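User: I'm new to reading protein models and would like a close look at one single part. Could you walk me through it in a connected way?

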Amino acid sequence: VTMGLSTHHREMYLLRTQIDLLSRKIANPMRYAKPERERSPSPPPTYDGQGKRTNTREMRLRKKFEKERLKLMIEARKRDPSYQPPPGVKLDTRVMRDLPIPAEKYPDYDFIGLIVGPRGSNHKMLEKESGCKIMIRGRGSNGAGKASKVTPWDHMPMHV
């Protein structure tokens, strides 16, 4: 099938074939599960707020196949920028960056006020011009003296 194709086209064909196979595995993951005697023991069950199990064998397999497919789709996009993922699959290629705010170095300066601006106008303008979602996180980002719930980024220095 791949005779007469260039190396690039052959590699893209193989990537697409692997992605299609993984899409079929995601549709019916239990069909591709190992026999019970070849499997390692299952982890202890976990449940969500409604008491529904969140780590069944089927869910774990589906997640594994989705992760592998995403990796292959990103590789395909790197090799061919015109690559389109299969229908119904969104290729999320967001880039997240933490830009430090020197709040400890300049404690008297109101960085949050500068970034947010009056009624959020600076914040909205920055998001519109950059095309990015901008969030202020880290120690002191919730406002001085405000009591709020503990967040995962409270131990980090303030950043955007």
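Where is the place of Asn55? Please start there and then show me what surrounds that part of the chain.

Analyst: Happy to help! Keep in mind that this is a predicted model. Asn55 sits in the loop that runs between α1 (7–27) and α2 (57–79).

Let's begin with how much of this residue is open to the outside. Asn55 has a relative accessibility of 10%, and because buried means under 20%, Asn55 counts as buried.

Now look at what its side chain reaches. One polar contact goes to the backbone oxygen of Pro44, at 2.9 Å. Another goes to the backbone nitrogen of Thr46, at 3.0 Å. So that you can see why both pairs qualify, recall that a polar contact needs N or O atoms within 3.5 Å. If we set aside residues up to four places away in sequence, the residues that Asn55 touches are Pro43, Pro44, Pro45, Thr46 and Arg60. Pro44 and Thr46 therefore turn up both in this list and as the backbone partners of the side chain.

From the loop, let's move to the two helices on either side of it. Both α1 and α2 take part in the largest nonpolar core, which has 13 residues; the members that touch the most other members are Ile19, Met73, Ala76 and Tyr83. Each of the two helices, α1 and α2, supplies at least two residues of this core. As background, nonpolar side chains in soluble globular proteins tend to be buried together.

Ala76 is a good residue to click on here. Apart from its neighbours within four places in sequence, Ala76 is in contact with Met12, Leu15, Ile19 and Tyr83. There is also a second, separate core of 6 residues, and among them are Ile101, Phe111, Ile115 and Ile136.

The helices are linked by charged side chains as well. As a general point, side chains of opposite charge can pair when their charged atoms come close. The structure holds 4 salt bridges. In one of them, the side chains of Glu11 and Arg79 meet with N and O at 2.4 Å. This pair joins distant parts of the chain, since Glu11 belongs to helix α1 and Arg79 to helix α2, 68 residues apart. Glu11 is partly exposed at 33% relative accessibility, and Arg79 is partly exposed too, with a relative accessible area of 35%.

Arg79 has another partner to look at. Its side chain also meets that of Glu75 in a salt bridge, 2.7 Å from N to O. Arg79 and Glu75 are 4 residues apart in helix α2, so about one helical turn separates them. With a relative accessible area of 27%, Glu75 is partly exposed. Put these pairs together and you have a network of salt bridges linking Glu11, Glu75 and Arg79.

One more salt bridge brings us to another charged pair. Arg39 pairs with Glu36, and their closest N and O atoms are 4.0 Å apart. Arg39 is partly exposed at 24% relative accessibility, whereas Glu36 is exposed, with a relative accessible area of 65%.

To return to where you started: Asn55 is a buried residue in the loop between α1 and α2, with its side chain reaching the backbone of Pro44 and of Thr46.

Note on methods: Residues are numbered from 1 along each chain as its sequence is written. This is a predicted model: local features need pLDDT of at least 70, side-chain atom pairs count only at pLDDT 80 or more; totals for chains, interfaces and linings use all residues. Side-chain values use heavy atoms; hydrogens and water are left out. Buried means under 20% relative accessible area, exposed over 50%, partly exposed in between (1.4 Å probe, protein chains only). A polar contact is a pair of N or O atoms within 3.5 Å; within protein, one must be able to donate a hydrogen and the other to accept it, and residues adjacent in sequence count only if both atoms are side-chain atoms. Contact means heavy atoms within 4.5 Å. A nonpolar core is a set of buried Ala, Val, Leu, Ile, Met, Phe, Trp, Tyr and Cys residues joined through side-chain atoms within 4.5 Å.
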